[in-house]
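The exercises that follow are meant to be worked with the sequence and the model side by side. Try each task before reading its solution.

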Amino acid sequence: MSNWMLLCFALVFVVLAPFAGCLLAGVDRKISARMQGRQGPPIAQPWYDVRKLMAKESNAPNRFQDFYVACYLIWIVITGAMFFAGMDLLLVLFTLTLGEVFLALAAYCSGSPFAQVGAQREIYVAMAYEPMVLIMAIGFYLFMGGDDGGSFRVIDIAQSSEMAIVPMLGIFVGFVVILTMKLRKSPFDLSMSHHAHQDIVRGVATEFSGKTYAMMEVSHWYENIMLLGMVALFFQNGGWTGFVLGIVVAILVYLLEIWLDNGFARMKWQTAIKTGWVAALILGLGNIAVLLVMA
C-alpha cells in the first residue's frame, strides 16, 4: 500500500473520527437512558453540548490548564492519525500515553482538590491498563513472526493473510477488559465519569469549562474511535471480510461496554489495578507463551 494512501487514511480519521465519535456518544446516552427507563436525549445531543460549550467563555483557574488540555487533544489526534496511517504500534501506544499525561497535568494544575484526586486516579488507572496494552503490541509482533520477520507496523498486521483473533484470543479478551478503563466506563470510571454517580464531582474535569471542556469531549470522540480501531485490528486479513468483521465486532464490543457501564457499580482503584494486572498476567502473558510455543 502506497504512502499516499496511508496518508489519506490518516486524513480521513482526522476529519471523520469526531463525527463518528459524537454519534457513538449519542448512542451511548440513548441506550443508557433506555436501560434506566428514561426517554433519553437525541442522538445528536453530544454535538449540541459541544457547540454550546464552544460559545461559552472558559473560566480556567490558570493559563496552563487550557494549554495542557489543548496538548491532550493534539496528541490524541496525532496518535489516531498514526494508527490509521499504519505506523508502528509501539509508537502509537507511547504517544497515546503521553496524551493521557497531559490530561492528568491539566487536572493537577487546576488547584481543585476534586480535580487533583481525579488526576491521581487517572495515573492509577494508567498503571492498571498499560501492561495489557504493551502485551498486546508484543503479541502482534510475535503473531507476525517475531525475530523471523515480525513487525510492529499496523499496516503489516492489517494486511496479514490470517486474522490474529484465533492465536491472540487471550490477548483480545484481556484488551476488552482494560478497554473498560480506557473508555472510562463502570466499574472503572474512577478518574472521571459521564454519569452522575461520581464521588469526586467531575473528577479530572471538575475545573474544565467552556472551550476547554469542549476540547476534552472532542478528544474522547477521537480516542474512542482509535480504541475501537485497535479492536478491529484483531480481525484484519487484508481483505473486505476482515474489514467488515472488524467493524461489526468493534460495535458489539462498544455495546458490551455500555451494558457494563450501566450494570455495575464503580469499584476502588485498587480493584482496577488488580484486575488490569491479573488480565495481563493470565490472559496476556499466557497467550504470549502460546505464541512462543507456536513459533
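Helices here are DSSP runs of H or I with at least four residues, numbered from the N terminus. The model is a predicted one.

**Exercise 1.** Locate Arg184 and Lys185, decide whether each is buried or exposed, and describe what is unusual about the backbone of Arg184.

Solution. Begin with the position: Arg184 lies in the loop between H7 and H8, and the place of Lys185 is in the loop between H7 and H8 as well. For the second step a cut-off is needed, namely that buried means under 20% relative accessible area. Arg184, with a relative accessibility of 6%, therefore counts as buried, and Lys185, at 4%, therefore counts as buried too. Turning to the backbone, Arg184 is not a glycine, although its phi is positive, at about 60 degrees. As a last step, look at what surrounds Lys185: with neighbours within four places in sequence left aside, Lys185 is in contact with Asp28, Thr180, Tyr254, Glu257 and Asp261.

**Exercise 2.** Which peptide bond is cis, and where does Pro187 lie?

Solution. The cis peptide bond is the one that joins Ser186 and Pro187, and its omega is about 10 degrees. Pro187 has its place in the loop between helix H7, which covers residues 169-182, and H8.

**Exercise 3.** Describe how H1 packs against H8, and sort the residues of their contact by class.

Solution. Two packed helices are described by the angle between their axes and by the distance between those axes. For H1 and H8 the angle is about 95 degrees, and the axes are 7 Å apart. Since angles of 65 to 115 degrees count as roughly perpendicular, H1 is therefore roughly perpendicular to H8. On the H1 side, the contact is made by Phe13, Val14, Ala17, Pro18, Ala20, Gly21, Cys22, Leu24 and Ala25, while H8 contributes Trp221, Tyr222, Ile225, Met226 and Leu228. Sorted by class, the residues of this contact divide into 13 nonpolar, one polar and no charged.

**Exercise 4.** Carry out the analysis for H4 with H8, and give the handedness of the crossing.

Solution. Helix H4 spans residues 89-108 and helix H8 spans residues 210-233; they pack at an angle of about 155 degrees, with their axes 13 Å apart. An angle over 145 degrees counts as roughly antiparallel, so H4 is roughly antiparallel to H8. The crossing of these two helices, H4 and H8, is left-handed. Val92, Leu93, Leu96, Glu100 and Leu103 of H4 make the contact with Met216, Glu223, Met226, Leu227 and Met230 of H8. The class count for the contact of H4 with H8 is eight nonpolar, no polar and two charged residues.

**Exercise 5.** At what angle do H1 and H3 pack, and what is the handedness of their crossing?

Solution. Helix H1, residues 3-35, packs with helix H3, residues 63-84, at an angle of about 140 degrees, and the two axes are 8 Å apart. The crossing of H1 and H3 is right-handed. From H1 the contact takes in Leu6, Phe9, Ala10, Phe13 and Val14, and from H3 it takes in Val77, Gly80, Ala81 and Phe84. In the contact of H1 with H3, eight residues are nonpolar, one is polar and none is charged.

**Exercise 6.** Describe the surroundings of Gln236 and of Leu179.

Solution. Gln236 lies in the loop between H8 and helix H9, which covers 240-263, and it is buried, with a relative accessible area of 11%. Its side chain reaches the backbone oxygen of Ala232 at 2.8 Å. Apart from neighbours within four places in sequence, Gln236 is in contact with a set of residues including Ile157, Ser160, Met163 and Phe243. Leu179, by contrast in location, has its place in helix H7, and is buried, with a relative accessible area of 0%. With neighbours within four places in sequence again left aside, Leu179 is in contact with Leu227, Val231, Val253 and Glu257.

Key. Residues numbered from 1 in each chain as written. Predicted model: local features only at pLDDT ≥ 70, side-chain atom pairs only at ≥ 80, totals over all residues. Heavy atoms only, no water. Axes fitted to C-alpha atoms, helices over the stretch in contact; angles between N-to-C directions. Parallel < 35°, antiparallel > 145°, perpendicular 65-115°, else oblique. Left-handed = near helix turned anticlockwise from the far one by under 90°. Contact = heavy atoms within 4.5 Å. Nonpolar A, V, L, I, M, F, W, Y, C, P; charged D, E, K, R; others polar. Buried < 20%, exposed > 50% of the residue type's maximum accessible area, 1.4 Å probe, protein only. Polar contact = N/O pair within 3.5 Å; in protein donor to acceptor, adjacent residues only side chain to side chain.
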